[in-house]
Amino acid sequence: MSISDHPRVYGTVALTAAFAAGILVTLGFKDCYPELENRYQRRRNRNLSRSNGNFGVVVPTANRVRRESLIFGPVRLEDHEEVTSNINSSFDWVEGIEGCIGNTPLVHIRSLSEATGCFILAKAELLNGAGGSPKDRVALNLIQDAEERGSLVPGRGDTIYEGTVGSTGISLATLARAKGYKCHICMPNDMAIEKSQLLHHLGATVERVNPAPITSPDHFVNLARRRAREHEATHGDGSVGFFADQFESTANYTAHVKTTGPEIYRQTGGQLDAFVAGAGTGGTISGVAKYLKEEKNLWDTRVVLADPQGSGLYNKIRHGVMYSSTEREGTRRRQQVDTIVEGIGINRITENFESGRVLIDDAVRVTDEQACRMARWLVEHDGIFCGSSTAVNCVAAVVTAMKLPKGSRVVTLLCDSGNRHLSKFWKQIGDMGLENDTQAQAEDLLAELGLEELKR
């Protein structure tokens, strides 16, 4: 009886023979496969490099065919996976420089946390991509609000006018160019010179004026307002002069209600015991306070004002009276605020500050010396190179933390880089001898700041 008389046996033998043949072919092919694969990959990489200039363009299948097998002749092995260039085909980008504003990280400052027994967290606003400060948020909202009301029209030749000590002007100048406007900045001539130099390089017109009281028509804010009113008469080309009015425009604090406050809430999971910030216009502290307390009902979260020496806001919060000892006749060094700190501290109540004043629970006064020592401490222990307002914030955050139970979370702001404060604030730090190589590094933060009485 032959195998053909038993179909089942015949099928089994045939299947076994085919399987054995497959093994033999595989063993023979494996020896030459690595070379084939290498050739294919080299060709594939060349095709990809040619397509890198095309955003998300798929490399044609015809260009991704592998070389034929050396054993089986002209058999073409094709890769049917879609291969794109190394640029993300989902187009994960932001629109313009304004897309780089916001969503800044919340940084755990280890040295301050270790010294206080609390978690001190700082919103890194110096990483905002336009002007490198929280004023980016304000400037963008001021411009967008003006555009919605028709006060600014791109391409019409409009000019944005503002009185500023630097940061808001830098943010406005950057965004103005990006959105098709010109920018004219008025600022006191005792601000760090690098700020006005930067404004010039950003294409802004800069007027540096003598410090004057707010009641004077020559105060830098009043001058900017006047220049905006004069714009139409001096230009006569149909363009408009828009006065941004950061101190009084509610578009200032609402920028922080819409962005900074929600970001802090999300980044902390709503678990924060205190928020600490300085006030120049008052927009940041008011906007964040309004969001946390009025919209998220975090009424137990303490909002604390960080105020430099010479500013009257500390007494306004603590005692209800707008007064600073430097207001006494013959004691004032400067016309604005008697401090080396720039950007925060003021001797009048603005609309933005007033909008959230009742939500501020406490205030901490910070001396120039404490600010300088804190700035140097942050460089030495955390690698953070900051400006003067950030240093004030961090001193106040430490004081606030020492009054709270251990393990509490205190959030503050890193406002801007020390790069804008080299000629004034950081020069003062150098003059104090804090940067001398021979000086031993301070290790007791509270002693360094003169706050030994706060030790637990």
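## The overall picture

Helices and strands here are DSSP runs, with at least four residues for a helix and at least two for a strand, numbered from the N terminus. Counted that way, the protein chain has 15 helices and 10 strands. Keep in mind that this is a predicted model.

The chain runs to 456 residues, and 49% of them count as buried. Its accessible surface comes to about 21,600 Å², with 51% of that belonging to carbon and sulfur atoms. As for how the chain folds back on itself, take the contacts between residues at least 6 apart in sequence: 71% of them join residues at least 24 apart.

## Two nonpolar cores

The largest nonpolar core has 61 residues. Ile160, Phe275, Ile285, Leu305 and Phe353 are the ones with the most contacts inside this core. Helix α4, residues 135-149, gives the most to the core, with six residues. Another core lies apart from that one; this other core has 45 residues, among them Ala274, Leu378, Ile384 and Leu449.

## Phe275, up close

Phenylalanine 275 sits in strand β7, which covers residues 274-277. Is phenylalanine 275 buried or exposed? Its relative accessibility is 0%, so phenylalanine 275 counts as buried.

Set aside the neighbours up to four places away in sequence, and phenylalanine 275 still touches a long list: Ile264, Ile285, Val288, Leu292, Thr301, Arg302, Val303, Val304, Val411 and Leu413. One of these, leucine 413, is 138 residues away along the chain, yet the two C-alpha atoms are separated by 9.0 Å. Ile285, another residue on the list of contacts, also appears with Phe275 among the residues with the most contacts inside the largest core.

## α5 against α6

Two packed helices are described by the angle between their axes and the distance between the axes. Start with helix α5 (residues 167-179) and helix α6 (residues 193-201): their axes come within 9 Å and cross at roughly 10 degrees. Angles under 35 degrees count as roughly parallel, and α5 and α6 are therefore roughly parallel to each other. On the α5 side the contact uses Gly169, Ile170 and Ala173, and these meet Lys195, Leu198 and Leu199 in α6. By class, the residues of this contact divide into four nonpolar, one polar and one charged.

Leucine 199, found in helix α6, is a good residue to click on. With a relative accessibility of 0%, leucine 199 counts as buried. Beyond its neighbours within four places in sequence, leucine 199 is in contact with Gly169, Ile170 and Ala173, and also with Ile185, Met187, Ala204 and Val206. Threonine 174 is 25 residues from leucine 199 along the chain, and their C-alpha atoms are separated by 8.6 Å.

## α12 against α13

Helix α12 (residues 368-382) and helix α13 (residues 388-402) pack with their axes 8 Å apart, at an angle of about 90 degrees. That makes α12 roughly perpendicular to α13, as angles of 65 to 115 degrees count as roughly perpendicular.

Which residues make the contact? From α12 come Gln370, Ala371, Met374, Ala375 and Leu378, while α13 brings Ala391, Val392, Cys394, Val395 and Val398. Sorted by class, that is nine nonpolar residues, one polar and no charged ones. Leu378 turns up elsewhere too, among the residues of the 45-residue core.

## Loops worth a look

The loop between β6 (241-243) and α8 (251-268) holds serine 249. This serine is buried, with a relative accessible area of 16%, where the cut-off for buried is under 20%. Not counting residues up to four places away in sequence, serine 249 touches Leu142, Ala244 and Asn352. Aspartate 245 lies in the loop between β6 and α8 as well. Aspartate 245 is not a glycine, but has a positive phi of about 60 degrees.

Asparagine 103 is another non-glycine residue with a positive phi, about 55 degrees. Its place is the loop between α2 (33-51) and β1 (106-108). At 59% relative accessibility, asparagine 103 counts as exposed.

## Lys316 in α10

Lysine 316 belongs to helix α10, residues 313-319. Leaving aside neighbours within four places in sequence, lysine 316 is in contact with Val321, Met322, Ile349 and Arg357. Of these, isoleucine 349 is 33 residues apart from lysine 316 in sequence and 9.1 Å apart in space, C-alpha to C-alpha.

Methods
Residues are numbered from 1 along each chain as its sequence is written. This is a predicted model: local features need pLDDT of at least 70, side-chain atom pairs count only at pLDDT 80 or more; totals for chains, interfaces and linings use all residues. Side-chain values use heavy atoms; hydrogens and water are left out. Axes are lines fitted to C-alpha atoms, for helices over the stretch in contact, and angles run from 0 to 180 degrees between N-to-C directions. Angles under 35 degrees count as roughly parallel, over 145 as roughly antiparallel, 65 to 115 as roughly perpendicular and the rest as oblique. Contact means heavy atoms within 4.5 Å. Ala, Val, Leu, Ile, Met, Phe, Trp, Tyr, Cys and Pro count as nonpolar, Asp, Glu, Lys and Arg as charged, and the others, Gly among them, as polar. Buried means under 20% relative accessible area, exposed over 50%, partly exposed in between (1.4 Å probe, protein chains only). Accessible areas come from the Shrake-Rupley method with a 1.4 Å probe; for residues, only the protein chains shown count as cover. A nonpolar core is a set of buried Ala, Val, Leu, Ile, Met, Phe, Trp, Tyr and Cys residues joined through side-chain atoms within 4.5 Å.
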